[in-house]
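This report covers model confidence, one helix and the nonpolar cores of a single chain. The chain is shown below.

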Amino acid sequence: MQDLANHPLWLRVNKDGPVPEHCPELGSCHVWTGCLVDGYGQLQHPNTKRRVYAHRLAYELANGPIQGGELPVKQRPCVCHRCDNRACMNPAHLFLGTHFDNAMDRVRKGRSAKEVPSKWRISPSGVREILASTASTQALADRYGVTNSAVRQIRLGINRKSIASGGNGVGMKRDQLR
Ligand SMILES: [Zn+2]
C-alpha cells in the first residue's frame with residue numbers, strides 16, 4: 001500500500017483553480033488536470049488499480065471511507081460539490097449527500113431546468129379546475145404552464161399522489177380535493 005496522501009498523483013491537481021463566484025469564501029478549487037469523464041476527474045487508484053472519481057478519492061482521504069455502498073442507488077451517499085465545479089477535489093468544497101440531494105441541489109441552482117418537476121406545481125385549486133373543466137388538454141396545459149401529459153394524468157387520476165399542495169410538497173389524494 002502506498003501512502004496516498006503524499007502520492008505523486010497530486011501533482012496533477014491545480015490548487016490555484018478558480019474561486020467559485022457564488023461562494024467566494026470557499027477559496028480556490030483544486031482542479032484535476034488529468035482525465036475527465038462528464039466533467040468529473042477520474043484516475044486509477046494507486047492501490048486497488050480501479051478507476052475512481054478524483055473527488056470521491058479526495059473526500060475519502062480527508063474524511064475516511066464513504067459508507068453505504070450496499071444501499072439502493074437513490075440512497076447511496078455521493079460526494080457533491082459546493083462549488084459546482086465537477087473537476088474540483090478540494091475537500092473543503094465537497095460534502096456528502098445522496099443522489100437525490102444532488103439532483104435537488106442541481107434543480108435549486110437552476111442547472112437542469114428539465115429536471116424541475118413542473119407538473120407537480122399545480123395548486124390544489126388548479127387541479128380542481130382541471131378536473132371540472134371541459135377545455136382542451138392543450139388549453140389547460142397552456143393556462144397552468146405544465147405539459148399536456150400532466151393534464152391528462154390529472155384527468156385520469158394517475159398523478160394524484162404526486163400533486164403537490166400549493167408547492168410545499170405535501171401529497172394530496174384526489175378525493176381530498178373534492
Ligand atoms: Zn471547488
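In this predicted model, the largest nonpolar core has 15 residues, of which Val 31, Trp 32, Ala 54, Ala 58, Cys 88 and Met 89 touch the most other members. Two or more residues of this core come from each of β2, α1 and β6. Helix α1 gives the largest share, 4 residues.

Cys 88 can be described further. Leaving aside residues up to four places away in sequence, Cys 88 touches Gly 17, Cys 29, His 30, Val 31, His 55, His 81, Cys 83 and His 93. Apart from the largest core lies another, of 8 residues, including Ile 130, Tyr 144, Val 151 and Ile 154.

Helix α1 spans residues 54–63, and its buried residues are Ala 54, His 55, Leu 57, Ala 58 and Tyr 59. These buried residues pack against β2 and four further strands, tabulated here.

| Strand packed against α1 | Residues |
|---|---|
| β4 | 40–44 |
| β5 | 51–53 |
| β6 | 77–81 |
| β7 | 94–98 |

After α1 comes Gly 64, with a positive phi near 95°.

As for confidence, the chain has a mean pLDDT of 79, with 79% of its residues at 70 or more. Strand β2 (residues 31–32) has the highest confidence, at a mean of 96, and helix α2 (residues 99–108) the lowest, at 72. Over residues 161–178 the pLDDT is below 50, and this stretch has 26 contacts in the model beyond near neighbours in sequence. Predicted coordinates should not be read in detail where pLDDT is low.

Technical notes
Residues are numbered from 1 along each chain as its sequence is written. This is a predicted model: local features need pLDDT of at least 70, side-chain atom pairs count only at pLDDT 80 or more; totals for chains, interfaces and linings use all residues. pLDDT is the predictor's confidence in each residue, from 0 to 100. Two residues are in contact if their C-beta atoms, placed from the backbone, lie within 7 Å. A residue is buried if 20 or more other C-beta atoms lie within 10 Å of its own, exposed if 12 or fewer, and partly exposed in between; C-beta atoms are placed from the backbone. A nonpolar core is a set of buried Ala, Val, Leu, Ile, Met, Phe, Trp, Tyr and Cys residues joined through C-beta atoms within 7 Å.
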